[in-house]
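I opened the notebook to record some helix packing and a couple of single residues. The entries follow in the order I looked things up.

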Amino acid sequence: MTVRDIAFWARSARADARLNRLRRAHGDASAFDQLYADTEDPYGAELSQYRYQRRKYASLLSLLPRQSYRNALDIGCGLGTFTRMLAPFTEHILGTDISAEAIQQARKRSAAHPNITYSQRDVLEDSSADARFDLIVLADTLYYIVPLTDARLKSIAGTLALKLAPGGLLLVVNHFFFGIDAPSRATREIHNAFRWAPGLEQVAEHRRAFFLATLLRSSRAE
């Protein structure tokens, strides 16, 4: 880990601390809106002085089968950084976030990508399966759900399983540090819930610095 990486984590921690204060005062969506409105790229995903997030996204891309995905979904897309990295491998990709401000900024940054659509919505609350996706990415999102109970986690896993096309892939990613710390234990519980969810089967699991990525496939028939 370099000094710049440490600075990146410090920036992210400050952003999360401010977000928590805003959530207590204004609620979830409004808190994210204010955070993105007041701070340019609050989590440093695209700032040139930080390399960690770009390296992480490149690593995530390498974990996916190199194929063309007809219809993809990036949940909690923020400014759309990873959405744009996925775009060359998809016919169409939908990026969603509960923050209208983040979505507005993502649209501006993605003007050169006609196969990307953004929508301000909470996909995790939508149990409909009108659209089926060949690829769903759920990265660095679930730990913002408070409280994330076992029942809520099982409901989310079931919802996303229904949104996958038969044989479709789901990539779940969360912070993972030393394995024995509280955040890492929470990540393990999250990933286990998806591994055991009806309609999903684990394809691979990858531990990297400092995240855990689990790739799952829909086991549902047509």
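Which residue follows H1, and what is the sign of its phi? I looked this up and found Gly27, with a positive phi near 95 degrees. I note here that the model is a predicted one.

**Entry: H1 by itself**

I checked the length of H1, which covers residues 3-26. The helix has 24 residues, and at 1.5 Å a residue these should span 34 Å. I found the end C-alpha atoms of H1 34 Å apart, so the expected and computed spans agree.

Next I listed the buried residues of H1. They are Asp5, Phe8, Trp9, Arg11, Ser12, Ala15, Leu19, Leu22 and Arg23. I then asked what the buried residues of H1 pack against. The partners are H2, helix H3 (52-63), strand S5 (164-176) and strand S7 (210-218).

**Entry: H1 against H2**

H2 takes in residues 28-38. I read an angle of about 135 degrees for the packing of H1 and H2, and their axes are 8 Å apart. That angle makes H1 oblique to H2, because only angles over 145 degrees count as roughly antiparallel. The crossing of H1 past H2 is right-handed.

I wrote down both sides of the contact. H1 supplies Ala15, Arg18, Leu19, Leu22, Arg23 and His26. H2 supplies Asp28, Ser30, Ala31, Phe32, Gln34, Leu35 and Asp38. Sorted by class, the contact of H1 with H2 has six nonpolar, three polar and four charged residues. Ala15, Leu19, Leu22 and Arg23 are in this contact and also on my list of buried residues in H1.

**Entry: H2 against H5**

I followed H2 to another partner, helix H5 (residues 100-109). The axes of H2 and H5 come within 7 Å and cross at roughly 45 degrees. H2 is therefore oblique to H5. On the H2 side I found Asp33, Tyr36 and Ala37, which meet Ala100, Glu101, Ala102 and Gln105 in H5. The classes here are four nonpolar, one polar and two charged.

**Entry: H6 against H7**

I moved on to H6 (residues 150-163) and helix H7 (residues 182-195). They pack at an angle of about 45 degrees with axes 9 Å apart, and they are therefore oblique to each other. H6 passes H7 in a right-handed crossing.

Which residues of H6 meet H7? I found Leu153, Ile156, Ala157 and Leu160, set against Glu189, Ile190, Ala193 and Phe194 in H7. The contact of H6 with H7 divides into seven nonpolar residues, no polar ones and one charged.

**Entry: Ala157**

I picked Ala157 out of H6 for a separate look. Is Ala157 buried or exposed? Ala157 counts as buried because its relative accessibility is 0%. Leaving aside neighbours within four places in sequence, I found Ala157 in contact with Ala193, Phe194, Ala197 and Leu200. Ala193 and Phe194 are among the H7 residues that meet H6. I also took one distance: Ala157 and Gly76 are 81 residues apart in sequence and 15 Å apart in space, C-alpha to C-alpha.

**Entry: Ser59**

Last, I looked up Ser59, which lies in helix H3. Its relative accessibility is 17%, so Ser59 counts as buried; the cut-off is under 20%. With neighbours within four places in sequence left aside, Ser59 is in contact with Arg208 and Phe211. Phe211 falls in strand S7 (210-218), and S7 is one of the elements that the buried residues of H1 pack against.

Conventions
Residues are numbered from 1 along each chain as its sequence is written. This is a predicted model: local features need pLDDT of at least 70, side-chain atom pairs count only at pLDDT 80 or more; totals for chains, interfaces and linings use all residues. Side-chain values use heavy atoms; hydrogens and water are left out. Helices (H or I, at least four residues) and strands (E, at least two) are DSSP runs, numbered from the N terminus. Buried means under 20% relative accessible area, exposed over 50%, partly exposed in between (1.4 Å probe, protein chains only). Contact means heavy atoms within 4.5 Å. Axes are lines fitted to C-alpha atoms, for helices over the stretch in contact, and angles run from 0 to 180 degrees between N-to-C directions. Angles under 35 degrees count as roughly parallel, over 145 as roughly antiparallel, 65 to 115 as roughly perpendicular and the rest as oblique. A crossing is left-handed if the near helix is turned anticlockwise from the far one by less than a right angle, and right-handed if clockwise. Ala, Val, Leu, Ile, Met, Phe, Trp, Tyr, Cys and Pro count as nonpolar, Asp, Glu, Lys and Arg as charged, and the others, Gly among them, as polar. The expected span of a helix is 1.5 Å times one less than its number of residues.
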